[in-house]
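Visitor: Hello! I have just started learning about protein structures, and I would like to take a close look at a single part of this one. Could you walk me through the sheet and what surrounds it?

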Amino acid sequence: MKTIYFDNNATTMVAPEVTEAMMPMFTTHWGNPGSMHSFGGQVAKYVQTGREQVAEMLGCKPSEVIFTSCGTESDNTAIWSALQTQPDKKHIITTAVEHPAILQTVAFWETRGYRVTRLGVDGKGRLDMDEYADALTPDTAIASIMFANNEVGNIYPIAKMSEMARERGILFHTDAVQAAGKVQFDLSKMCVDMLSISGHKLHAPKGIGVLYVRKGVRFRPFVRGGHQEGGRRAGTENAPYIVGLGVACELARKHFNDEVTRVAALRDRLEKGITSAVPDTLVNGDTEHRLPGTTNIAFRNIEGEAVLLMLNEFGICASSGSACTSGSLEPSHVLHAMDVPFKYAHSSTRFSLCRYNTQEEVDFAIEKIPPLIKTLRDLSPFKD
């Protein structure tokens with residue numbers, strides 16, 4: 001049975017071009033890029049090329065790119081550095097819909113005496129800019145606002161929010177893990193001080209990430225040891241994965257128009273096909289400002305896990321907006337923050353598409369999902 005992969009916000013397939021570029025780094029160019037001899041030196045050149053390819057996609061200088069192991073490490077490092085370089089500031093701003101890499105990190109610092117403002121969202125997951133403006137104070141060490149939400153796909157006004165922080169002398173970080181390669185931005189024209197991305201969200205392997213740090217921003221390393229990454233992140237460079245990420249960024253630039261046109265059209269076709277055939281559905285999030293491949297659809301009175309299990313029977317991969325905790329189903333923190341009604345929230349299903357998806361796959365899903373939902377509703381203990 002063919003796998004139809006609609007879970008690209010969770011992870012993406014490694015692009016064939018990426019795999020091809022990485023292979024020599026395992027077989028013939030396996031030296032240490034920090035070595036003085038030419039065998040290692042040739043690897044350093046590949047690392048530099050990867051750095052330049054990442055910088056080109058982000059619109060920054062290669063020297064502002066720090067390679068990490070993943071987006072989570074990048075997020076943690078950004079918060080750590082901001083607090084360590086500003087010991088007199090004890091306030092952090094974030095949102096209630098961030099990825100756990102941010103939410104768990106700020107919760108940790110909260111136990112260490114820091115005050116945390118978690119900005120709320122409305123029913124479509126949108127932020128209140130007045131609330132954000134009021135939260136910015138002289139005591140604020142950093143504002144960390146995600147570029148795009150991983151569950152509902154909302155894109156947030158990072159250019160404006162970073163500008164507001166800059167005007168008040170406050171550091172601004174954004175988790176751009178979901179936005180990289182899908183949202184057009186140029187860091188050279190923005191007021192963002194730090195930004196995180198993760199390779200496996202844009203067709204590079206798992207285990208490689210980036211933290212952008214704007215030139216001139218005071219920085220403290222989170223991982224200490226050797227001199228790598230200009231002394232900003234210790235550990236021998238993961239050369240094969242850096243090469244892969246560089247190629248993935250180059251491909252993302254090449255296919256960007258396809259991402260925002262054809263992939264968005266496939267998303268809309270899937271969403272319309274499901275919602276027009278299935279009664280009592282709800283599309284979660286801001287449908288006017290969202291990632292091109294993401295739709296989050298709620299089906300009234302059924303469980304999200306049941307939807308996923310039946311989708312799996314047809315080879316369709318998606319993800320749920322619910323989490324199983326202590327044997328009971330609870331809506332995700334994102335849907336909870338949006339006040340999505342429980343009878344919809346606990347059945348929310350995220351479909352996230354990419355450039356490798358096809359219309360045939362979408363049409364297959366449209367054919368299978370309506371009768372699947374009807375079957376589940378007939379069996380469901382939830383009734384109005």
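Guide: Happy to, and we will go strand by strand before turning to the packing around the sheet. Please keep in mind that this is a predicted model.

Let us begin with the overall layout. The sheet is open and has seven strands, arranged in the order β2-β8-β7-β6-β5-β3-β4, with mixed pairing. At its edges are β2 (65–68) and β4 (115–119), each of which pairs on one side only. On average, neighbouring strands of this sheet are turned by 20 degrees against each other, direction ignored.

Now pick out strand β7, residues 194–198. This strand is mostly covered, as five of its five residues are buried. Look at where the residues of β7 point: M194, S196 and S198 go one way, while L195 and I197 go the other way, and all are buried.

Strand β7 has β8 and β6 beside it in the sheet order. With β8 (residues 209–213), β7 shares five bridges, and the two strands run antiparallel. You can find S198 of β7 opposite G209 in β8. With β6, the pairing of β7 is parallel and has three bridges. Here H173 stands opposite M194 in β7.

Moving one strand along, β6 (residues 171–175) is also joined to β5 (residues 140–144). These two strands run parallel, with three bridges between them. In this pair, A143 stands opposite F172 in β6.

Next, see what lies against the sheet. Helix α6, residues 158–167, packs on it and touches β4 and β6. The direction of α6 makes about 160 degrees with that of β6.

A good residue for tying this together is Y132. Setting aside neighbours within four places in sequence, Y132 is in contact with I93, L119, A143, M161, M164, A165 and F172. You have just met two of those names, A143 and F172, as opposite partners. Y132 also belongs to the largest nonpolar core, which has 68 residues; Y132 and L58 are those with the most contacts inside it. Helix α7 (residues 239–254) supplies the largest share of this core, nine residues. Apart from this core lies another one, of 23 residues, among them L266, I274, I297 and I302.

So, to retrace your route: you started with a sheet of seven strands, followed β7 with its five buried residues, and finished at the core where Y132 and L58 have the most contacts.

Key
Residues are numbered from 1 along each chain as its sequence is written. This is a predicted model: local features need pLDDT of at least 70, side-chain atom pairs count only at pLDDT 80 or more; totals for chains, interfaces and linings use all residues. Side-chain values use heavy atoms; hydrogens and water are left out. Two strands pair if DSSP finds at least two bridges between them. Helices (H or I, at least four residues) and strands (E, at least two) are DSSP runs, numbered from the N terminus. Axes are lines fitted to C-alpha atoms, for helices over the stretch in contact, and angles run from 0 to 180 degrees between N-to-C directions. Contact means heavy atoms within 4.5 Å. A nonpolar core is a set of buried Ala, Val, Leu, Ile, Met, Phe, Trp, Tyr and Cys residues joined through side-chain atoms within 4.5 Å. Buried means under 20% relative accessible area, exposed over 50%, partly exposed in between (1.4 Å probe, protein chains only).
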